Amino acid sequence: FSLSKLQLKTGDLDPRLFSRLRHLQKLDLSDNLLDKFPNSLTLPDLRVLNCSNNKLEDVTALKQFPLLEELTYENNVYLTVNDDYKVMFLLQNLRLLNGKDITKLAKHVRHINTRKLTSKVTAHWEKFFRDQLPEKYTAEQVKSIKKKFLKSVQTNVVYGPSSLSEFTRWRVKMIAEEFLACSLGLELNSDTESEEKTDDNEEESTESPREAAEDVAQVGNFSSYISNVTVTPSKRKRNHSKSSPGNKKSKTQANTKEETEEDVSAEPLHFLQCHSKGNSREDFKTQLWSCVFEPVLDSGARKDPIVNSSRTVATCGGESVCLIDCETGTVLKKYKVATEEFFSVAWTTLTMVTSDSRKKAHNILAAAGRRGIVKLIHVAADFCYGEIKAHKKPIATVCFSPTQETHLFTASYDKRIALWDIGIPDCEYNFKASQLLVLETASIPLRIALVPTCPEQYLLAGCEGGCFAWNIKLDKGQKSRPFEAIFQFPDGESMTTAHRVDGLAFLNDDVIASKSSKPGCIYLWSWSRSFDSKGKGCQQTMSAVILAELEWSTTDMSYLTLSTCPAKEYVFCGDEKGSVWMYNLSNYTTAWSSAKGKRSERRISPTQILKWPELRVNGEQPPEILVNNVVADPAFTYLVVLTSVNITGIWKKS
């Protein structure tokens, strides 16, 4: 459809006329006198637009054509490179700009650039403005601080070459307004980018910051109620009495001096409801299953867990995976697949080659669940770049090798654990995944752990029918392998191999914490003393050499899993009443590691039990709260608690 060379001015483009051209895909407005576009031309299907040789001064009105793939506006003397960047950001489908393929550059503008600027804007608020806002603030104070912050952030946040400073200021303002909407519940002035569909068939999307903001605003209502009540969890001092502490339901209470001596002093920071189906505030049914802290890039000492500690955590449950800043409670990213239920997430750091042949480390998140498919997400670029159809049945858990960054283990309900090489994506995100091993399990694997002293040789799995070990050394040739050992544990007066092991993690290089279907007990046992590597053949039964038992809830509820914080020698496990049992084992590990390390005769009581605070949502308490998982960052600054009622709790160690 050509309207070229007609001396048209902006007022000649009648929205009433254009609104009838709903299926128009190509429009030529070149060689006219247009100085801007009307905001409501209503051309929902427009794919190609030529407006060269006009007098255009601004391009932001072009966002009304979201499907635009090819745009030409050469010889508009007032337009600069800043406008090129604006249209690349605003038009998510744009491929050709003024005849050039801008796909790669546009990805950078939409994703990497946004990530960097968001981080700078957040840091600017934290450093200069956060403390200026009183706990209880008036609308007038908010208005004043908003004005100051927007002015300051646009002046002081600098990124990229000076030739792009106008684009940077424009994006910084947009990001800052979104940030304020999250933090203070302020209305957004501008209509920011819309949801980005990556695959219409599967209805998956990486949510834009705007939608993440809506989620946090929703969370904000939830948290704001909580902040009006006392939420210091009740503490429990060490208790060697026989009565089960798990049976007492105590209300939130202040600590006594005596209790504080044993206190970990973790304070509740945030309670988020960010995995809701369809973003519904009424969803208290979605189960949350897995969370892992993001590794820190360029930490200089990647082996040191303290240096390598991050405040960003990935959580999964229901149809979504979220990335949360534990300090601010902000949902930084949200990734959805409408037909999925995610059960597990895991991080790895890949060294990728950029388009200009430089090598750079990037964090990649793997997420998997009910559909048996692993999604691979390049988080900094907001991009799910691929998937591996790993199993025909659900995947219970995934984990990466700590030594081979592309090696991913997937444990499935098909009674197999597969080892994959996920490859390294090139700058166009092409990658090749291959299956290296299949470990046959006698029952469904629930939890897996690589042995820290030899992560390329042995893997442990807690399964529905026991605890097993496999030799995973790749030079053995045999691709499909039976288990090498099954471990037996005390059962009354005898030993048994037949029990569900739904919690499994290494406390240090040798000590394993495992939780079985035996109520009220978590076992600590030694890998080196239990596993006989000289044993002949496979499928041997070996006795777990028990070092200690940890006292835990008497519930027979399954799948409430445990975790460890090796750097601080802690074990954590949630229970069926919303409480978190914490065990500081630093006083025991030295004795266990000695050659004569003997079993602790009596059960070790928890150092502390963090009680779930009495939250009310819409005036009511949520239903029965199970703690499905609880994870600390490597330095034990934050504790993230995942529940059965779609609430993520974040505690901070003071």
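A salt bridge is a side-chain nitrogen of Lys or Arg within 4 Å of a carboxyl oxygen of Asp or Glu. The structure on your screen, a predicted model, holds 21 of these salt bridges.

**Stop 1: colour by confidence**

Colour the chain by pLDDT before selecting anything. The protein averages 82, and 84% of the residues score at least 70. Which elements have the lowest and the highest mean pLDDT? Helix 6, residues 209–226, has the lowest at 31, and strand 18, residues 407–412, has the highest at 98.

Now select residues 186–262. Throughout this stretch pLDDT stays under 50, and the model has 171 contacts beyond four places in sequence for it. Residues 299–303 also stay under 50, with eight such contacts. Where pLDDT is low, the predicted coordinates should not be read in detail.

**Stop 2: a network of charges**

Select Asp45, Arg47, Glu69, Glu70 and Arg95, which are linked in a network of salt bridges. Side chains of opposite charge can pair when their charged atoms come close. Zoom in on arginine 47 and aspartate 45: their closest N and O atoms are 2.7 Å apart. Are these two residues buried or partly exposed? Arginine 47 is partly exposed, because its relative accessibility is 25%. Aspartate 45 is buried, because its relative accessible area is 18% and the cut-off for buried is under 20%.

**Stop 3: two bridges between loops**

Select glutamate 341 and arginine 370, whose side chains form a salt bridge with an N to O distance of 2.8 Å. Glutamate 341 is in the loop between strand 12 (330–337) and strand 13 (342–353), while arginine 370 is in the loop between strand 14 (359–369) and strand 15 (373–378), so the pair ties together parts 29 residues apart in sequence. Arginine 370 has a relative accessible area of 46% and is partly exposed.

Next, select arginine 500 and glutamate 464. Their side chains meet in a salt bridge of 2.5 Å, N to O. Arginine 500 sits in the loop between strand 26 (494–496) and strand 27 (501–506), and glutamate 464 in the loop between strand 22 (458–463) and strand 23 (466–471), so this pair ties together parts 36 residues apart in sequence. Both partners are partly exposed: arginine 500 has a relative accessible area of 26%, and glutamate 464 has 24%.

**Stop 4: helix 4**

Select residues 139–156, which make up helix 4. The helix has 18 residues and reaches 25 Å from its first C-alpha to its last, close to the 26 Å expected at 1.5 Å a residue. Which of its residues are buried? Val142, Ile145, Lys146, Phe149, Leu150, Ser152 and Val153 are buried.

**Stop 5: a buried lysine**

Go to lysine 333, in strand 12. This lysine is buried, because its relative accessible area is 13% and buried means under 20%. What does its side chain join? A polar contact of 2.9 Å links the side chain of lysine 333 to that of aspartate 382. Show the neighbours of lysine 333 more than four places away in sequence: Arg115, Val321, Cys322, Leu323, Val379, Ala380 and Asp382 touch it.

**Stop 6: an annotated repeat**

Finish by selecting residues 388–422, where an unreviewed UniProt entry places the feature "repeat: WD". Over residues 388–422 the chain is 0% helix and 57% strand. Display the end C-alpha atoms of this stretch; they are 8 Å apart.

Terms used: Residues are numbered from 1 along each chain as its sequence is written. This is a predicted model: local features need pLDDT of at least 70, side-chain atom pairs count only at pLDDT 80 or more; totals for chains, interfaces and linings use all residues. Side-chain values use heavy atoms; hydrogens and water are left out. pLDDT is the predictor's confidence in each residue, from 0 to 100. Helices (H or I, at least four residues) and strands (E, at least two) are DSSP runs, numbered from the N terminus. Contact means heavy atoms within 4.5 Å. Buried means under 20% relative accessible area, exposed over 50%, partly exposed in between (1.4 Å probe, protein chains only). The expected span of a helix is 1.5 Å times one less than its number of residues. UniProt positions are given in the numbering used here, feature names are shortened, and annotations may be inferred rather than shown by experiment. A polar contact is a pair of N or O atoms within 3.5 Å; within protein, one must be able to donate a hydrogen and the other to accept it, and residues adjacent in sequence count only if both atoms are side-chain atoms.
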